[in-house]
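Biologist: Please show me the model, and then let us go through its contacts one at a time.

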Amino acid sequence: MNTEELLYCDTHEWVFVSEEDGQKIATVGISAFAVEQLTDLVFMELPSVGTAVTAGDEFGEVESVKAVSPLYSPVTGQVTMVNEGLPDNLDILNTDPYNAGWIMKVAVSEDLPKNLLDHAAYQRQCGEAS
Amino acid sequence: MPYTYNTPAQQEEMLQAIGAESVDQLFDLIPDSIKLDRPLNIPPALGELELTSHMQELARRNTDITENTCFLGAGSYDHFIPAVVDTLTARGEFYTSYTPYQPEVSQGNLQVMFEYQTLICQLTGMDVSNASLYDGGSAAVEAMLMAISITRRNSKIIVVESVHPEYRQIIKTYFATIGTEVVTVSDTSQLESALDETTAAVLVQSPNFFGNIEDIPTVAEQVHEAGALLVCSVDPISLGLLKRPGDAGVDIVVAEGQSLGTPLLYGGPYLGIMACREEFVRRLPGRLAGQTVDQNGKRCWVLTLQTREQHIRREKATSNICTNQGLFALRAAIYLSVMGPTGMRDVANLCLQKAHYAQQQLTKLDRFDPICDQPFFKEFVIRDKQNDIAGLLEKAEDFHLLAGVNLGKWYPQLEDCLLVAVTEKRTIHEIDQLVEVLGS
Amino acid sequence: MRNQHSTQLIFELSTTGRSGVVLPQCDVPTQDVEQLVPASLLQDKYPSLPEVTEPEVIRHFTNLSTLNMSVDTHFYPLGSCTMKYNPKRNERIAGWDGFAQLHPYQSESSLQGMLQLLSELQQMLGEISGLPAVSLQPAAGAHGELAALMVASAFFKQRGENRTKVLAPDSAHGTNPASARMAGFDSVTIRSQADGRVDLEHLKENLGDETAVFMITNPSTLGLFDDQVQLIADLVHEVGGLIYLDGANMNAILGVTRPGDFGADMMHYNPHKTFSGPHGGGGPGAGPICVTETLRPYLPSPTVSFCDESQAYYLDEGSEESIGRVRSFFGNVGVLVRAYCYIRTHGPDGLKRVSETAVLNANYLLSRVKEFLDIPHGDRCMHEFVASAAPLKEATGLKQPAMDIAKRLLDYGFHPPTVYFPLTVPEGLMMEPTETESKQTLDAFADTLKTIVQETAEILHNAPHTAIIHRPDEVMAARQPIVKWTETAD
């Protein structure tokens, strides 16, 4: 994944949309910035395959020792795949959040929300927050 | 002022350092309109001597069970408590400490919690136990809420009528504010027809409120077929003899732990026990002690999976519980340790034998009938053909016997019935006397 | 000097064949167990409990107790927990057979002393709070909160009002929103102003027909008395809502002001804080609730009443409108007996002096601590205050200076204050000395803190240096939870 080609939520999820047999598939993960903010991750709750997700709504959670952070979906559609191995190997999020650290794939059923940020806009937002 | 230190001179020094003229000034932020302009209307202070006399007077107006022979049960039992339990829990380092927020200086409490959690798993055959809840009743309701959260079925739960009536009342109270229906069935034979794919969980008790042992393995099969969870409330003392819930197909075990080393205490504080299958650990309410290592690789214990709890997850927490029953979990841990497997087997056997002897002797009398022939553990119900339970109890009290609990209080159809509990403390003489007095 | 052998896990001390108790022989004619209970309902083997002797149990647990800090051994300024002295006369009295050996279902005529005690306690708690209707049933503060919110829910339901929202400030204890949800409400968070008081504008924005309850802690979790409280009460009452007071901080206002007088409709006490109930290593507590006369019918039942005719105390099942039970039997009576003894020991003047001294001690400690730590909310406080170690981040490069200071305090023999709560103060240290501490102790603590904040980042970050364990790995404990001992483990 080229981070510059991804789109981002202001809640730090990233999304990459590709097409497979005429169906738009979104791959979703969380940014390196988010992982750094969360510090030591201990647990992640993944949605089940087949779950309907809505852009802007929670689809799962990630936990550190002392905090729980919701994960918000960037797209609307149905979950087709989840990264089953990820919850047992959360350190992958530290080393490779944009490739091996993908969280779920969604068959997109609606147009992407207009408020997703491009790489430059997302970088600016993170800069403001620091 | 019995417990404070500051002399008037020290108080002056402190006010000076603060930059205030008087202690009253420290309360300036409170508007005068809401300040109390009179002393509190409560009785004047008592020194230790006067307090002790006053409390002795109050205590004298109670007749405690050292003055009576106790055959009362119904969820609270007169079991023998070895002296070591009281000696150890009287140590200030245990009872005046608090929740182990700083693990480095709470390894005592954390290790006790870890040992307690393990002992409960050993006793019940379950995978995971928490570090305690308030009592058996609130543990039962927390287990049902947990089951709803796990199954994501929030429309219906089933409760059997032979579960402790006060536990069922608690469930009714808690569920009144959430949308889930509580279906009550009269006994376990009615479960199969009540179960369907909207049922989150079923709550049974074994031995049940009437003392009868339920066929839990069969119930478990039925419940699981419907995709629901089985919550079973047990008697920890019975687990020295009876099949362990973990081996019988139970998903979440709850219990009142008072029998494990806590006196009657007029009903509390007691000990809520909860244990469950491994896969449910992240939904378990209450505190959990977990094993880890420190920076030097030394084994130690910490509070873990705290993200389940209210101080982190706030409105999304499984439960709102904060303070639990730490000191009473300690009592249970000491009791189970000093009793060991043979002690627990012996206690259970003594209760079984004595209860059966008592039941047989009582039902030999013309006046009393059993109400069913289901197997029972340490409690049983007898029906009074003369339908005068109140009269019986009064007569028994004249002989310093607390003969049993009148079931009419909760089950109108059983107003002529008495629930009698016989623990390892009851001697053959006491039982024979009970039979004689009730029979006369 | 430490006994490292006896502090192993009790399971590691177990030796097959040992036992701790010897029970009497069965004196009734014994029957074959399988005649009495079907084999399918019996266990195949004994429970796998440890096998140890009585002296081993004593040595094991006695040693474990020495690994704890406690009020009896250390200064314990854990903010919000009110770690005051636990009087021993209360322990002795509560342990008498005449109070401890009473069965919950024995006849009321045999319990008149206990019922009188509970009735008087109801009265005293009502008087101290200014809210006359009292239930002693809830088992802890959070339990009391839940019960009170259920009372509110029942009240509104009866009036046919559909109110779905419970409001609480962002500085509130986590139990507040958790209790709200358990009682079937949605929880709404109201912002605080920079000075720690409730942001009235934000409150007004969120008040409406759906408002059921506003939960307030006053003094707040920052140790400040929000003088807007009457105004807040008026605003909430105007929209038909109720005020719930979280009474965790009652130690600051006993005999000074009363929740019922400043607008609360419901409140809970923490007798294991305010009324010296011992904390027990994490409980038990109790959570009595007090409400207005209007709300009395909805209280959990039973309560204790007095019958003039028979001149006897009795358990009053209350009205049909009662929410029912939240706990089995009467309540955490043992804790209530201690609270009764405490209140009778102090009387009206004594209780007021408790609060005055608690507030004096906290302000004195603040005046010392502000010399070297930031106190974001000013020079005065009630019975506790929150200091911030955030400025140390820049000075030392430490990422979590509050944590490091807390750990370093352990080396000096003090239990640390509460850290990282409330969440509204960065690198917060909440200090509550209580009234049962001397000026000397406060000075020693302040002097120690002063020394600590001047120590090097290395010393702080690697603290504690003298504790028996050092920075346990909480990440590992959460990733791979091991919550019991198993035979095969090393």
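Biologist: Which residues in H13(C) meet C:Asn361, C:Tyr364, C:Leu365, C:Arg368 and C:Val369 in H10(C)?

Modeller: This is a predicted model, in which local features need pLDDT of at least 70, side-chain atom pairs count only at pLDDT 80 or more, and totals for chains, interfaces and linings use all residues. Residues are numbered from 1 along each chain as its sequence is written, while chains are lettered from A and ligands numbered from 1 in the order in which they are written. With contact taken as C-beta atoms, placed from the backbone, within 7 Å, the residues met in H13(C) are C:Lys439, C:Leu442, C:Ala446 and C:Leu449.

Biologist: How many nonpolar residues has the contact of H10(C) with H13(C)?

Modeller: Ala, Val, Leu, Ile, Met, Phe, Trp, Tyr, Cys and Pro count as nonpolar, Asp, Glu, Lys and Arg as charged, and the others, Gly among them, as polar. By these classes the contact of H10(C) with H13(C) has one polar and two charged residues, and its nonpolar residues number six.

Biologist: What is the crossing angle of the axes of H10 (residues 333-369) and H13 (residues 439-453) of chain C?

Modeller: Two packed helices are described by the angle between their axes and the distance between the axes. The axes of H10 and H13 of chain C come within 9 Å and cross at roughly 30°.

Biologist: Which element gives the most to the side of chain C that touches chain B?

Modeller: That contact takes 168 residues from chain C and 166 residues from chain B. On the chain C side, the most residues, 21, come from H10(C).

Notes: Axes fitted to C-alpha atoms, helices over the stretch in contact; angles between N-to-C directions. Helix = DSSP H or I, 4+ residues; strand = E, 2+ residues; numbered from the N terminus. Contact = placed C-beta atoms within 7 Å.
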